Amino acid sequence: MTASLALRPTLYEETVPGGGHTSFVLKRGQVLRLTDLEGGANVSVLLLSAEEKSERLNLPDTLKCQHTAKLTEGHCLYSDMGRVLAAITADTCGWHDSFGGVLNAAEVAEKYGAGRYQELRNGYFRNGVDNLLVEMGKWNLNLQDLLMALNLFSKVSVDRDGCFHFEPGNSKAGDYVELYAPMDTLVVLTALQHPLDPNPQYAPKPVQLTWSRVESDGISILCRTSRPENGRGFHNTERLFI
C-alpha cells in the first residue's frame, strides 16, 4: 500500500484538461498519482524507457505474465525487454483497460461529428492518435512508434463470445491510480474518452497529475510479491543500475 501524499513530499502538480495531452520523464523513485477530478475520466498512456526509446510498453506480455485481463494495484507494466517501466502501487478505481486503444481523427468525426476548430476554437474535437503524436514528436518519435496504449480509469470486460463491453461509471470523482517508476520512464498521455464509451457527446474529463518521491522502494513490495514473474521483472530492471 502507498503512503498518503500528506506523508510524502509533493514535487509538482498540474491539471490536464479534458482533451489535453502532455509528456514527461517519470524519474526512478518517483510516484505519479493520476486523479479523476469529475468522474468518468479516461487517460490513454504510452510508456517507454527514457534512456532507450525503442524499449516500450508491451501490454500482451504485461497481461500474460501476470495471468490477468485487467490491471490494478499490485500489477506491473512491462517493457518488451522484460523490465518494469512502472508499477501500480495504489488504485481506488480497481480496473484499467488494456484492449481499447485510441481513436483517430476519422473515427472521432464519425462518432461525435465534425467538431471543427473554425466553429469551436480550442474546444474542437481532438483525437487520441494526433494528441499522442504531438507529444511523441517532442521526443523524436513518430507514427511507427505509436504502439500500445493503456486506458486508465476505464473498464472493458469480455463476454464468453469474445465481445468487448465498456462499463460506464467505473471511475468516480476523486478516484486515483499511482504509478511508481523503478527506472526512468517516458510517459506520454492524453485525456480523452475511451473508444468504446457509448456517450454520443464529445465530453472528455480532466485529470490531475501529482508527482512525489519515496525514499525507499518498499512502496513496490506488493507488486514485487504479487506474482513470481514480477520479482524477476524488478530484478531485470535493477540490473540496469549495477
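Helices and strands are taken here as DSSP runs, numbered from the N terminus. In this predicted model, that numbering places His67 in the loop between H1 and E5. His67 makes a good starting point for a tour of the backbone. Its phi is positive, at about 55 degrees, although His67 is not a glycine. Most residues other than glycine have a negative phi. The side of the story told by accessibility is that His67 has a relative accessible area of 57% and is therefore exposed, the cut-off being over 50%.

A second residue of this kind is Arg121, a residue other than glycine whose phi is positive and near 50 degrees. Arg121 sits in the loop between H3 and helix H4, the latter covering residues 128–137. With a relative accessibility of 46%, Arg121 counts as partly exposed. On the other side of H3, the loop between H2 and helix H3 (117–120) holds Arg116. Arg116 is likewise described as partly exposed, with a relative accessible area of 43%. From Arg116 to Arg126 there are ten residues in sequence, and the two C-alpha atoms are 9.2 Å apart in space.

Turning to the chain as a whole, the UniProt record, an unreviewed entry, places the feature "domain: DUF1989" at residues 14–186. Over residues 14–186, helix accounts for 17% of the chain and strand for 29%. The C-alpha atoms at the two ends of that range are 17 Å apart.

Two further pairs of positions relate sequence to space. Ala191 belongs to the loop between strand E11 (185–190) and strand E12 (207–213), and at 0% relative accessibility Ala191 counts as buried. Although 176 residues separate Ala191 from Thr15 in sequence, their C-alpha atoms are 10 Å apart. Ala90, in turn, is part of strand E6 and is buried, with a relative accessible area of 4%. The C-alpha atoms of Ala90 and Glu13 are separated by 18 Å, with these positions 77 residues apart along the chain.

Charged side chains come next. Side chains of opposite charge can pair when their charged atoms come close. Ten salt bridges are found in the structure. In one of them, the side chains of Glu178 and Arg8 meet at 3.2 Å, N to O. Glu178 lies in strand E10 (residues 176–180) and Arg8 in the segment before strand E1 (10–16), so this pair ties together parts that are 170 residues apart in sequence. Both partners are buried, Glu178 as well as Arg8.

Another salt bridge joins the side chains of Glu55 and Arg83, at 3.1 Å from N to O. Because Glu55 is in the loop between strand E4 (43–49) and helix H1 (59–66), while Arg83 is in the loop between strand E5 (76–78) and E6, the contact ties together parts 28 residues apart in sequence. Glu55 and Arg83 are both buried.

What is the accessibility of the partners in the salt bridge between Lys138 and Glu135? The closest N and O atoms of this pair are 3.0 Å apart. Lys138 is exposed, with a relative accessible area of 56%, whereas Glu135 counts as buried at 2% relative accessibility. Elsewhere, salt bridges that share partners join Arg8, Arg33 and Glu178 into one network.

The nonpolar side of the surface is represented by a patch of about 320 Å², made by Phe99, Val158, Phe164 and Leu196. Phe99 is located in the loop between strand E6 (84–91) and helix H2 (105–112). Its relative accessible area of 30% makes Phe99 partly exposed.

Finally, the interior was examined for enclosed space. How many cavities of 30 Å³ or more does the count give? The count comes to two. The largest cavity has a volume of about 100 Å³. Its lining is formed by 15 residues. Of these, Leu103, Val108, Gly128, Leu192 and Gln193 lie nearest the centre of the largest cavity.

Key: Residues are numbered from 1 along each chain as its sequence is written. This is a predicted model: local features need pLDDT of at least 70, side-chain atom pairs count only at pLDDT 80 or more; totals for chains, interfaces and linings use all residues. Side-chain values use heavy atoms; hydrogens and water are left out. Patches are made of residues with over 30% relative accessible area and no salt bridge: like charges are joined within 9 Å, nonpolar side chains (Val, Leu, Ile, Met, Phe, Trp, Tyr) within 5 Å. Accessible areas come from the Shrake-Rupley method with a 1.4 Å probe; for residues, only the protein chains shown count as cover. A salt bridge is a side-chain nitrogen of Lys or Arg within 4 Å of a carboxyl oxygen of Asp or Glu. Helices (H or I, at least four residues) and strands (E, at least two) are DSSP runs, numbered from the N terminus. Buried means under 20% relative accessible area, exposed over 50%, partly exposed in between (1.4 Å probe, protein chains only). UniProt positions are given in the numbering used here, feature names are shortened, and annotations may be inferred rather than shown by experiment. On a 1 Å grid over the protein atoms alone, a cavity is a set of points where a 1.4 Å probe fits but cannot get out, and a pocket is an open set with protein on both sides within 12 Å along at least five of seven lines; lining residues have an atom within 4 Å of a point. Grid points are joined across faces, edges and corners, and a volume is the space filled by probe spheres set on the points.
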